[in-house]
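Hi,

Here is the structure I promised to pass on to you. Please open it beside this message, and then read on for what turned up in it.

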Amino acid sequence: MNNIYMVFFDLGVNKGGITSAVLNRSRHFYKNGYLADIITFDYKFDYSKVIKELKDSGKMHVETKLFNMFLFFEERSLSNNNKKNGALYDYYDSLINETLCIEQDEKISRYFSKTTGEYLVYKKGNFQTGNYTLDIFENNQRREKVYYKKGILKRIKEYDFKNRLISERFFDEAGNPFLKRNINRETGKVGKIFLFADNKQFENSSQLCSYFLGELIKDDSKNIIICDGPGSFPKIIDAGFKYVKKYAVIHTNHINKRNKEESKETNILKNGDKLDGIVLLTESQKQDISRDYKLDNLFVNGNFIDIPEITNNNMEKNEKIVGMVSRLVENKGFDYLIKVAKIVTNIHPEVSFRVYGEGEYRPRIEELIRENNLEGNFKLMGYTSNPNKAIETFYCVASTSQIEGQGLSIIEAMLHQKPAVVFDVKYGPSDFIRNNKNSILVENKDVDKMAESIIHLIENKTAAKQMGVQAREDIIDKYSPNLIMEQWENILGL
């Protein structure tokens, strides 16, 4: 039996993109009888809660396992010594019990020395639930921050006299330290790491991650690693596997919008000969990479998609919503979408543009909305955990993105029979859009043409509906889960 490990940095509840792609792949692999689990390197206070939420929501298969680096070494520490470290708890308890307490409210308290009045501890959280933090002060300067979860001391952060983080210590459930990592006080980057659980030290986080992979995965040809996070690639290579099969998936354009190579993706391509295969999402990207990097281990396979039932078609209603599901980041081209919305709503003031998603570019989008007096026609709807429900309300979708790996949000909309009007950028849209057949491709940055195309769909309901029906049929033909699974089996030699 093959064991497949999909590797990227972190797993979260409200994440799309790579996270959704990996969770979907694991789910479909398990449905087809393959063990496909997830490896992450990040630290989370309560990863078990994340896993439960993902599985309860159906986003994560019930049998999918998570192998997290910190959880792995915490469990190893407990197996070496599960005797409670009473001295650690006694020390911090004494700072609370032997001081004067002034409560601000039920969550915040401050503690002072009984003899000198010196400020010693700031407590935030709830003692009854056991979820709280303690800021430890010395000479009125914060020295440590201590984290408790359900009454268990999990982590301690240490600070210098300028309140800069200089180290972190991690503890198992018995209160025994299993890992310490130094932090560069100027850059915030992780430096030397001491792994108490194994009596080893490492110069940086990447070295520790490689060691973790080597400890977790047996070096056997039946084991397969799929690198989904480009930053994880060096860690996989440096793990020193001789027999484990290694693949990388490039989820995005390896060239950014300024036509410069993305460094992490480029590193994979420059070292592609160290892999058994590189999986790309589109044929056009494969052609460019094959030409530029002379690699002969390139494969093309799309992300798994779920085919929804058509329960609601907004074209039968009077409401005209041009929708978009996207992270609010600069490369999604929201400045162009605002210009498109301005043109469209000047002619059809009943049209509403609605964007579902969150991101760091939100303040700038809000500013553009105000500058163009579009407050009544352009709505930022925030993050949605149910994009299908949002898509059902759309009349059509628009995409002004400047970079695409595959264009999954466009594909999902087309599955709901929503015609899409999309800038023709590398690499995704042209692989599945047949212009004026199942959706509309517009020359990149041509806002006038995009606005004209949206207006055409609004004014021609029958044509728009026919285009939407064709869109669903074409996407199912190209990206059916059975076809994607068959291609994965061929790529991995399953």
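Below are some notes on a sheet and a pocket. Please keep in mind that this is a predicted model.

**The sheet**

Let me start with the strands. Seven of them form an open sheet with parallel pairing, and their order is β3-β2-β1-β14-β15-β16-β17. The edges are taken by β3 (66–68) and β17 (298–300); each has a single partner strand, so one side of each is left without a neighbour in the sheet. On average, neighbouring strands of this sheet are turned by 25 degrees against each other, direction ignored.

Helix α5 (residues 205–216) packs on the sheet, where it touches β2 (35–40) and β3. The direction of α5 makes about 150 degrees with that of β2.

**A closer look at β16**

If you zoom in on one strand, I would suggest β16, which covers residues 277–280. Its pairing with β15 (residues 245–250) is parallel and runs over four bridges. One residue pair to look for here is Ala248 with its bridge partner in β16, Ile278. With β17, strand β16 also pairs in the parallel sense, over three bridges. There, Val279 has Phe299 of β17 as its bridge partner, and Leu280 has Val300.

What about the two faces of this strand? In a regular strand the side chains alternate between the two faces of the sheet. In β16 both faces are covered: Gly277 and Val279 lie on one side, Ile278 and Leu280 on the other, and all four are buried.

**The second largest pocket**

Now for some empty space. The second largest pocket has a volume of about 480 Å³. Its lining is made up of 22 residues, and those nearest the centre of the pocket are Asp46, Ser48, Leu71, Lys154 and Glu173. Several elements give two or more residues to this lining: α2 (47–56), β3, α3 (69–80), β9 (152–159) and β10 (165–171). You will recognise β3 as one of the edge strands of the sheet.

Which element gives the most to the lining of this pocket? That is α3, with five residues. By residue type, the lining divides into 12 nonpolar, two polar and eight charged residues.

Happy to go through any of this with you on screen.

Best wishes

How values were computed. Residues are numbered from 1 along each chain as its sequence is written. This is a predicted model: local features need pLDDT of at least 70, side-chain atom pairs count only at pLDDT 80 or more; totals for chains, interfaces and linings use all residues. Side-chain values use heavy atoms; hydrogens and water are left out. Two strands pair if DSSP finds at least two bridges between them. Axes are lines fitted to C-alpha atoms, for helices over the stretch in contact, and angles run from 0 to 180 degrees between N-to-C directions. Contact means heavy atoms within 4.5 Å. On a 1 Å grid over the protein atoms alone, a cavity is a set of points where a 1.4 Å probe fits but cannot get out, and a pocket is an open set with protein on both sides within 12 Å along at least five of seven lines; lining residues have an atom within 4 Å of a point. Grid points are joined across faces, edges and corners, and a volume is the space filled by probe spheres set on the points. Ala, Val, Leu, Ile, Met, Phe, Trp, Tyr, Cys and Pro count as nonpolar, Asp, Glu, Lys and Arg as charged, and the others, Gly among them, as polar. Buried means under 20% relative accessible area, exposed over 50%, partly exposed in between (1.4 Å probe, protein chains only).
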